[in-house]
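Reader: I've got a structure open and I'd like to know what stands behind the labels people put on it. Could you take me through a few?

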Amino acid sequence: MNRICMRQMSKGQAGQVARVTASGELGRRIRDMGLVPGATIQIQGHAPLRDPVAIKIMDFTLTLRNNEADFIFVEVT
Amino acid sequence: METTIALAGNPNSGKTTLFNLLTGAHQHVGNYPGVTVEKKQGMCVFKDQKFHIVDLPGTYSLSPYSLEETVARDFLVIEKPSMIINIIDASNLERNLFLTLQFLEMGFPMCIALNMMDVAKGRGILVDTQKLSTFLNVPVIPMVARSGAGKELLMQSAAKLSEKLSNTKPLKISYGADIDQALSKMQEMIERNGFLTDDLPSRWLALKYLEGDDQVKKLGRRHNPDLSAVLEEISHDLSNHLERSMDTTAEAIIGEYRYGFIRSLIAQGVVQTDSARKPFYFSDRLDRVLTHRIFGPVFLAAALLGLYHFTFTFSQAPVEWLEKAFEYIRQVADAGLSEGPLKSLLISGIIDGAGGVFSFVPLIMLMFLGIAILEDSGYLARVAFMLDRIFRFFGLHGNSVVAYIISGGIAGGCAVPGIMATRTLKSPKERLATMLTLPFMNCGAKLPVFAVLIAAFFANYKTTVMVLVTIAAWLVALFAARLFRSTILPGEAAPFVMELPPYHLPTPKGLIIHMWERTWQYLKKAGPVILAISVILWAMMSYPQLPAATQQAFEMQKQQTISGFAPDIIHELSMGGETGNFSAAALNLQEQLNLIDSREAGEALKHSVAGKIGTAFEKLSVYAGFDWRVNIALVGGVAAKEVIISTMGTAYSLGNADMEEDGRLSTRLRSAQGFDSLTAISLIVFIMFYSPCFISVVCICRESGSWKWGAFSMIFNTAAAFILAVTVYQLGLFF
């Protein structure tokens, strides 16, 4: 197991959210959408300009910008 | 007594479909008080019992992140509906339950409508509704809102619930030792003091204090400032403790435990996963192509071009029919009424004004139908996803693109529904920047003006000019947005943490509702407002009339001309008939008379209020190449862009009936003095960018909450347009 920032994850890579350091409004939004420690995610792909990123979480697709993914740390195998 | 039901759920959970299913045609749309969030209400009669259904805005949570969430929460707290129907997407249970838990913690009597059972089944997700119902202690009704399956059961369950509407015991979730301890301490104080407990459960109130919910704190301070202060202090101490010991916040822990609670429900067998379940669905496979690095943008360009062609190809015929219909009405009125101000008012004011607006309704309807298809299928969310990076550079949000397209980003929309569409933007600054720049798009009312100018001067380059005009609109809009965001509207970008809803086939009913809502927003302006404007413009262009002496002088001139011809020729002309049958001499006479008529009409127009305004602006507008006649049309265009064409028609026809029949405006412009291709370019530039029409300005004032932004857009846009037009014209003079 190895903890990396979500931005560094490549397409198709999966992992478990370990820590979310965002606070305030962004933190609230990230949590409300289910990005909390313990959630399993998989990188689904990037927009044509490499930003934002689309991830699979629970049963839906969530998008977030790279600078928002910077607040999320994921345990990957 | 009628029962009020709040219909609540996540976006994309089928809430609107269910609302339409329950209320049918008995609904009306308004706004929540003081905010620009739409409030839909309707009536549902089930077995002689009346239910008043309020559609709450779709939200993922009740934490006050967005305006929608605040509105939904306030409605529940203040209006206190009798019960909630919570619609849940069964194929996306975990995330949907996050909101459900928050309703249950508030202690509302509730029914769960477990929607999209078919989709879930197709994905191999089997939900045990019985178990879910037992765990949450609320009725759960499986249904498919799209087909209407489960509606009876849902209403039966709601009716049963409405018979015994005592507040149910709120759900109690454990949030770990630290928070639970603080909660019970606060709960005890709240209950002892009867602090807001008439309306709200004590534990929920305590939770909101811990979460730092400003609205609830404000409510509490008004009710009991001392206790509120104590509660705030407890929350503050806990925050400090959590910050120091675990480097986290109470709010974060609460969110995490809620999801933890949901995960444990699922693990206890609420969801049975079929062995055939795949982690990636059809929608994801489609996304691999449609948001692909290369195919994505290619497909996007193709889709937008396709929409453009679809709209313009299929709207051509109906637009022509309508134009013919109005032409026919005009002729009937012309033949049936005697000369005079009333006739002039009816024809030049009312019929032409209404015709100018209504003729383009087919075009706008088809454009909105196309946009509804893109939107309802889920593709527009992908467009926002793909273009966000570009829009962010200009200080906007990926979602701004939707408002731009509705306003005429692909040519032919309307800024009014576009301004309404900015409601999806969460950041007020981004929203304003979008709202202020989208009138630069080429709305359906500007297109006919371009069409006439192109036909007159660039008939061979129609496509090229339209493409250039579209690109120019986007560039100016984006750079203006960037300018606003770095000067008058600075601020952080709103997050792009959003759901990409699965693709699905739009329903015809949904498309029609969607298309009609926006078309109606456009049409409403064609009502009294545009009629009033047409009448005012007509009056401004007709009065004051020429002094009697001048009129007599023209009459004298005519008599003199006539007297120079032989009596049989005068007789031939007065008999009327086909122009083609006249002798050369009669034609000559007619031409001379027409010339006098047009000089008189020209003098009359110049003498009118509008003419004086136009002439006054000429000193300035001459730098952009516009004479007083163009100025009149442009001033009229501030009222509504549709008016430009009809006003120019009047100004350039110079009142000559015969010329009007065979001389189209484009031909007249080409032969008009002082109007050449450079003037046309300059005029196109000016019309593209100058003041939004009156209705859009009113809409900007209303949606931004201040008349200042409306005034700003009129002044800024006109100044910018003038500078651009002058630059183009003056540069053009060198070539």
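**Why these labels?**

Author: Let's start with Asp388(B), which is buried, with a relative accessible area of 0%. Keep in mind that this is a predicted model.

Reader: What makes Asp388(B) count as buried?

Author: Buried means under 20% relative accessible area. Asp388(B) comes out at 0%, so it counts as buried. It lies in helix α16 (residues 379-393) of chain B.

Reader: Which residues does Asp388(B) touch?

Author: Not counting residues up to four places away in sequence, Asp388(B) touches Pro52(A) and Arg65(A) from chain A, plus His397(B), Gly398(B) and Phe496(B).

Reader: And how do you know whether Val140(B) is buried or exposed?

Author: Same routine. Its relative accessibility is 12%, and the cut-off for buried is under 20%, so Val140(B) counts as buried. Val140(B) is found in strand β8 (residues 140-142) of chain B. Leaving aside neighbours within four places in sequence, its contacts are Ile112(B), Leu114(B), Thr129(B), Leu132(B) and Ser133(B).

Reader: Leu132(B) is in a helix contact too, I gather. Why is α5(B) called oblique to α11(B)?

Author: The axes of α5(B) (residues 129-136) and α11(B) (residues 250-270) come within 10 Å and cross at roughly 135°. Roughly antiparallel needs over 145 degrees, and roughly perpendicular runs from 65 to 115. An angle of roughly 135° fits neither of those, nor the under 35 degrees for roughly parallel, so α5(B) is oblique to α11(B). The crossing is right-handed.

Reader: Which residues make that contact?

Author: From α5(B) you have Lys131(B), Leu132(B), Phe135(B) and Leu136(B); from α11(B), Leu265(B), Gln268(B), Gly269(B) and Val270(B). By class that gives five nonpolar, two polar and one charged residues.

Reader: What makes α20(B) and α32(B) roughly antiparallel, then?

Author: Helix α20 (residues 447-457) of chain B and helix α32 (residues 677-689) of chain B have axes that come within 10 Å and cross at roughly 165°. The label needs over 145 degrees, so α20(B) and α32(B) are roughly antiparallel to each other. Their crossing is left-handed.

Reader: Which residues meet there, and how do they divide by class?

Author: Val449(B), Phe450(B), Leu453(B) and Phe457(B) in α20(B) meet Ser677(B), Ala680(B), Leu683(B), Ile684(B), Ile687(B) and Met688(B) in α32(B). They divide into nine nonpolar, one polar and no charged.

Key:
Residues are numbered from 1 along each chain as its sequence is written. Chains are lettered from A and ligands numbered from 1 in the order in which they are written. This is a predicted model: local features need pLDDT of at least 70, side-chain atom pairs count only at pLDDT 80 or more; totals for chains, interfaces and linings use all residues. Side-chain values use heavy atoms; hydrogens and water are left out. Axes are lines fitted to C-alpha atoms, for helices over the stretch in contact, and angles run from 0 to 180 degrees between N-to-C directions. Helices (H or I, at least four residues) and strands (E, at least two) are DSSP runs, numbered from the N terminus. A crossing is left-handed if the near helix is turned anticlockwise from the far one by less than a right angle, and right-handed if clockwise. Contact means heavy atoms within 4.5 Å. Ala, Val, Leu, Ile, Met, Phe, Trp, Tyr, Cys and Pro count as nonpolar, Asp, Glu, Lys and Arg as charged, and the others, Gly among them, as polar. Buried means under 20% relative accessible area, exposed over 50%, partly exposed in between (1.4 Å probe, protein chains only).
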